[in-house]
Amino acid sequence: MEEIINKVANSALEVFDLEDYYPKGMRVQIDISQWLLEGFLLKEKDFREHLKNHDWSQYQDQYVAVHCSTDAIIPAWALILVSVHLAPFAKKVVNGTIEDLDGSLYEEILSKIDYSAYQGKPVIVKGCSRKPVPMRAYILATNYLQPFARSIMYGEACSAVPLYKESKK
């Protein structure tokens, strides 16, 4: 019987796992429709009163996404005012959903990585993760890797989909 050889482990293939860069910390979403009249109408005096009486300390050291779940037309200052109240407590505040928040966090993290370690190598961007890695992060990682990698694939080594191959010079 022949010995089973793990060709993936012996290859030059580099795995780029976005889950390794997943920022630790609690994520929370605030829906400002709770402070609107019937969820749709922003009355400035009432809105400011709700914000003044809200316990902002509950967001201490958390990542916060601020959005409105209704089709209300919200003036820009309202979202900015919510972020002003959150600033002393939250680690980061973004306008949007939790996925937007995670995308923003990954944008910061991925922009600081030294990708030169992938120079001239075949890279696989690991596709399966147990953490909620947003599509935006996969696109950003691929864009950052492209100037360095010889080739880029997506998925798992056993079933990778080719995305990019450096052109022969």
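Among the contacts in this predicted model that join residues at least 6 apart in sequence, 79% link residues that are at least 24 apart. The chain that makes these contacts contains five helices and seven strands, and read along the sequence they follow the pattern α-β-β-α-β-α-β-α-β-α-β-β. The protein is more spread out than a compact globule, because its radius of gyration of 22 Å is well over the 15 Å that the globule rule gives for 169 residues. Taken along the principal axes, the C-alpha atoms fill a box of roughly 75 × 40 × 25 Å.

From the overall outline one can turn to the surface. Of the 169 residues, 38% count as buried, and the protein exposes about 10,600 Å², of which carbon and sulfur atoms supply 54%. One nonpolar patch on this surface, with an area of about 290 Å², is made by Leu-37, Phe-40 and Leu-41. Phe-40 lies in the loop between β2 (27-31) and α2 (44-53), and because its relative accessibility is 48%, Phe-40 counts as partly exposed.

The cysteines offer a last point to follow. A search of the whole structure finds zero disulfides, and Cys-158 is accordingly in no disulfide, with the nearest cysteine sulfur, that of Cys-128, 8.6 Å away. Seen from the other side, the closest cysteine sulfur to that of Cys-128 is the one in Cys-158, and the 8.6 Å between them is too far for a bond, since a disulfide requires sulfur atoms within 2.5 Å. Cys-158 has a relative accessibility of 74% and therefore counts as exposed.

Key. Residues numbered from 1 in each chain as written. Predicted model: local features only at pLDDT ≥ 70, side-chain atom pairs only at ≥ 80, totals over all residues. Heavy atoms only, no water. Patch = residues over 30% accessible without salt bridge, like charges linked within 9 Å, V, L, I, M, F, W, Y side chains within 5 Å. Areas by Shrake-Rupley, 256 points an atom, 1.4 Å probe, with all protein chains shown as cover. Salt bridge = Lys/Arg side-chain N within 4 Å of Asp/Glu carboxyl O. Helix = DSSP H or I, 4+ residues; strand = E, 2+ residues; numbered from the N terminus. Buried < 20%, exposed > 50% of the residue type's maximum accessible area, 1.4 Å probe, protein only. Rg over C-alpha atoms; globule rule 2.2 N^0.38 Å. Contact = heavy atoms within 4.5 Å.
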